[in-house]
Amino acid sequence: MKKTREMSLAGAAVIVMICVMFGANAAAIKITLQGMGVFASGFFRFSLAAAILFFWAKATGRSLKLEKKNVKQVLIVTCAFSVQFALFILGISKTSASRAALLINLQPFCVLVLAHIFIKGDRITPMRLGGMVIGFLGVACLFAIKGDADVRFRPGDFLVAATALVWACNAIYLKTFIEKVSVFTVTFYHLLLSLPFFLAMSLVFDDAMITAVTPSIAAAFLYQAAACTAFGFIAWNAMLKKYKASAMHSFLFIMPISGVFFSFLILKEPLTQNIAAALALIAAGIVISQWKRETPCKKALPHH
């Protein structure tokens with residue numbers, strides 16, 4: 001089995017692009033929720049994404065066969081993913097897109113700690129830890145500058161923060177077996193198997209599955225399903241298969257920057273004093289955590 005590789009410049013560029021896409025997704029979700037129920041949007045999004053992957057597999061001759069020994073692992077990933085996305089989309093419906101994009105920044109910090117504990121050879125270095133802590137302090141700025149009127153903690157903020165922890169746990173668990181399975185197959189099945197959950201949640205909790213359809217809502221929905229889900233999840237998991245989890249997730253600090261930018265550009269959300277301070281610290285965290293490449297650990301064992 002191949003060892004986890006050191007990150008190349010091309011690999012870093014792909015991860016940056018994915019993070020920008022995922023960051024912009026916060027604004028897209030906000031727009032979609034103007035015309036769909038919270039859980040219905042997840043059901044329709046993952047239905048379309050799963051369909052895209054299915055027809056792509058047929059067109060390219062890819063196998064969607066899931067080995068019996070991997071069924072339990074995929075079911076665990078599916079459960080964590082369903083909870084993760086349900087918390088996030090419910091949270092973003094109860095807070096601003098820019099705040100959600102910043103609060104999800106807790107995820108890389110959680111991954112750093114969990115990878116150090118559970119993944120051999122994926123160690124915390126002083127430089128990376130310093131960058132992560134500075135980025136984490138950026139999140140704290142959301143609630144630390146009392147001069148901003150928009151500094152109050154909202155119910156959606158807690159849900160998004162909980163999403164970050166669940167997402168980190170799922171990423172670490174996925175890393176333990178992703179080298180042994182097809183990324184494409186795992187992504188297809190965790191999307192497909194999450195559909196009954198989102199359908200049931202929509203029927204119980206959404207007032208209506210669809211309330212309006214406009215060009216902007218349709219475009220935002222297609223962006224989520226095709227670009228972020230079908231392409232984005234495959235690309236991210238493919239990168240996770242190649243590189244260290246903590247090194248990859250250091251780049252996720254780009255997501256809040258992208259999220260705030262597109263929330264300001266598309267949704268016209270204000271760039272307040274506390275959000276500006278948070279972004280400054282997050283940017284510093286990116287630079288510091290990626291300032292020096294790690295020396296490969298020769299004694300590190302392949303992940304199992």
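Biologist: Why are F81 and F85 separated by about one helical turn in helix 3?

Modeller: Count along the helix: F81 and F85 are four residues apart in helix 3, so about one helical turn lies between them. Bear in mind that this is a predicted model.

Biologist: Fair enough. What makes the pair of F81 and F85 stacked?

Modeller: Two values settle that. Their ring centres are 6.5 Å apart, and the planes sit at 20°. Rings pair if the centres lie within 6.5 Å, and planes under 30 degrees apart count as stacked, so F81 and F85 are a stacked pair. By that rule, the count of aromatic pairs comes to 13.

Biologist: How far can I trust helix 3, and which element has the lowest mean pLDDT?

Modeller: Helix 3, residues 71-92, has the highest mean pLDDT among the elements, at 94, whereas helix 10, residues 245-250, has the lowest, at 68. The protein chain averages 83, and 89% of the residues score at least 70. Watch residues 293-304, though: the pLDDT there is below 50, and beyond near neighbours in sequence the stretch has 21 contacts in the model.

Biologist: Back to helix 3. Why is helix 2 called oblique to helix 3?

Modeller: Helix 2, residues 38-60, packs against helix 3 at about 130°, with the axes 9 Å apart. Roughly antiparallel needs an angle over 145, and roughly perpendicular runs from 65 to 115. An angle of about 130° fits neither class, so helix 2 is oblique to helix 3. As for handedness, helix 2 passes helix 3 in a right-handed crossing.

Biologist: Which residues of helix 2 and helix 3 meet there?

Modeller: From helix 2 you have V38, F39, S41, G42, R45 and F46, and they meet F81, F85, A86, I89 and L90 of helix 3. By class, that contact has eight nonpolar, two polar and one charged residues. Gly counts as polar, so G42 goes with the polar residues.

Biologist: And what makes helix 7 oblique to helix 9?

Modeller: Helix 7, residues 155-175, and helix 9, residues 215-242, pack at about 55°, their axes 10 Å apart. Roughly parallel means under 35 degrees, and roughly perpendicular starts at 65. About 55° falls between those limits, so helix 7 is oblique to helix 9. Here, too, the crossing is right-handed.

Biologist: How do you know that two residues in the contact of helix 7 with helix 9 are charged?

Modeller: Look at who meets whom: A171, L174 and K175 in helix 7 meet N237, L240 and K241 in helix 9. Lys counts as charged, so K175 and K241 are the two charged residues. The others divide into three nonpolar and one polar.

Terms used: Residues numbered from 1 in each chain as written. Predicted model: local features only at pLDDT ≥ 70, side-chain atom pairs only at ≥ 80, totals over all residues. Heavy atoms only, no water. pLDDT = per-residue confidence, 0-100. Contact = heavy atoms within 4.5 Å. Axes fitted to C-alpha atoms, helices over the stretch in contact; angles between N-to-C directions. Left-handed = near helix turned anticlockwise from the far one by under 90°. Phe/Tyr/Trp six-rings, centres within 6.5 Å; stacked < 30°, edge-to-face > 60°.
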